[in-house]
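Trainee: I am new to this structure and would like a close look at a single part of it. Please begin with the pocket, and then connect it to what lies around it.

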Amino acid sequence: MTRLRAHAPGRVNLIGDHTDYADGLALPMAIDLGTTIIGERTGTDLHLTSEQYVDTMRCALPVAGPLDRLEPAWSRYIAAVAGDLGITTGFTGRITSTLPIGAGLSSSASLELAAALALGFAGEPLELARLGQRAELAAVGVPCGLLDQLSAAFGREGHALRIDFATTTIEPIPLPDDIEIIIIHSGVERTLVGSAYAERREACERAAAVIGPLAERTVADLDRIESPGLRRRARHVITECARVRAAAEALRDDDAEAFGALMVESHVSLRDDFEVSLPAIDHLVDHLCASPGVLGARVTGAGFGGCVVAATRPGAIADPTALTGRGWRVRAAGPAAVEPIRD
Ligand code: GLA
C-alpha cells in the first residue's frame, strides 16, 4: 500500500473581497500555511484523525444520509468530498493543519482540496476548485464563490493571482521583493455558517437584477437602485473591482505605495458600504496603518471577524504575533498537490 501526502495551502486575499460571487475580480495569494493529509487508500471506510482535534472521523462508504449530522464537524467537509467523488475505496490517515480555523484564511477550502487529492481526485485544477466549492455547500450550506478554492488550486510561489471570475481567468503577478505580507488575527472568531454571508450575496444579486452585472458597471449606474442599503452593497462591489484592477497594475509597476493605499480604500468600503468589519478589526487596521513601514492593511476574506492582512516594507513589523498573540509573516506558496511518500 502506498502512503501519500496531500497538501493544500490556505490563502490570503490581498484585495477584492465579496466580488467572486458577483463575477468580479480579486487578488489573493496561496500561503505557506495549509492542510496536510498523510495516509493510504485502503479498506471501505474513511478513518481520519486530526492533530488539532481529539475526535476521530469514521465513516462508511459510500457516504449516506445528511452531512450536517456527522461528527466531528470537520468530517463533514471530507464526507462531502468523498460523496462528490463517488469513491468506494476508503482512506486511513492523519490531518495536520498550520492554518488558524475560521479566521478568513480558507481553512475549509484547504481541507476540501487536500482531502480530494488524498482520496483520489486526479483532474484539472479548475475541476478541483469546483469540487471544493460544491463540497462547501454540501457540507455546511455556505453559498461561497470560487475565490478560496481557486487560490489553493492555482497558487504560485512568489506570486499573487489576479482572478477574473466572469471568465475564470487566473493571471499570476510577481510580488515585488520589497513588499512583505503580514497577517494578524483580530482575536474575533468567525464562522461563515449563520453569518450574514448569504444575505450579502443575495443583496448583490438583487442589485444586479436592477442594473446588470456589477463588475461591468460604474458608480454612475448606482442611481438606478432605489434602496440606499442595496446601493451601498453594489457600490462596494463596483468600486472593489476597480481597485483590484488598479492594485494589479500597481504591483506590475512596482508601486508599493499605491498598492497599500488601495488596500486601505478597500477596507473602508468593506467597513462602511458592505458592513462586514467589526470594531476590533477597524482598530487593528488603524493601528497598523499608523505604524512606520506599513503600506496598507485591510480585513481579509468574508469578514465578520478573523484576520487583517497588511502589506509592509521588509521588517517593518518585526514580530507579527506581538499585537494580538496570533500573527504570521507569509509567503506566496504553490498549489495543492499530492505525492507518494517513498521511505
Ligand atoms: C469567503 C468565501 C469566498 C469569498 C470571500 C469574500 O472566503 O468562501 O468565496 O466570497 O468569503 O471575498
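Mentor: A pocket here is an open set of grid points, on a 1 Å grid over the protein atoms alone, with protein on both sides within 12 Å along at least five of seven lines; a residue belongs to the lining if it has an atom within 4 Å of a point. Please bear in mind that the model is predicted.

By that definition, the largest pocket is lined by 40 residues, and its volume is about 740 Å³. Nearest its centre lie Y77, I101, G102, S107 and S108. Several helices and one strand contribute to this lining: α1 (75-85), α2 (107-119), α3 (125-140) and α4 (147-154), together with β5 (91-97), each supply at least two residues. The greatest contribution is that of α2, which gives three residues.

From α4 one may pass to D17, since L147, at the start of α4 (147-154), is among the residues in contact with D17. D17 itself sits in the loop between β1 (3-15) and β2 (25-41). Although it belongs to a loop, D17 is buried, because its relative accessible area is 1%, below the 20% limit for a buried residue. Its contacts beyond four places in sequence also include H236, E240, L270, R298, V299, T300 and G301. With R298 there is in addition a polar contact between the two side chains, at 2.8 Å.

R298 and V299 lead in turn to helix α8, since both fall within β9 (294-299), one of the elements that cover the buried residues of α8. The cover also includes β8 (180-185), α7 (256-272) and β10 (307-312). In α8 (residues 279-289), the buried residues are I281, D282, L284, V285 and L288. They lie on the same side of the helix because they span an arc of only 160° around its axis. Such patterns follow from the geometry of an α-helix, in which there are 3.6 residues a turn, so residues three or four places apart point the same way. On the other side of α8, P279 and H283 are exposed.

A last point concerns the cysteines. The structure holds zero disulfides. For C144, the closest cysteine sulfur is that of C204, 15 Å away, and therefore too far for a bond. C144 is nevertheless buried, with a relative accessible area of 8%, and C59 is buried too, at 9%.

How values were computed. Residues numbered from 1 in each chain as written. Predicted model: local features only at pLDDT ≥ 70, side-chain atom pairs only at ≥ 80, totals over all residues. Heavy atoms only, no water. Helix = DSSP H or I, 4+ residues; strand = E, 2+ residues; numbered from the N terminus. Buried < 20%, exposed > 50% of the residue type's maximum accessible area, 1.4 Å probe, protein only. Polar contact = N/O pair within 3.5 Å; in protein donor to acceptor, adjacent residues only side chain to side chain. Contact = heavy atoms within 4.5 Å. Arc of directions from axis to C-beta. Disulfide = S-S within 2.5 Å. 1 Å grid on protein atoms, 1.4 Å probe; cavity = no way out; pocket = protein on both sides within 12 Å on 5 of 7 lines; lining within 4 Å. Points joined across faces, edges and corners; volume = space filled by probe spheres on them.
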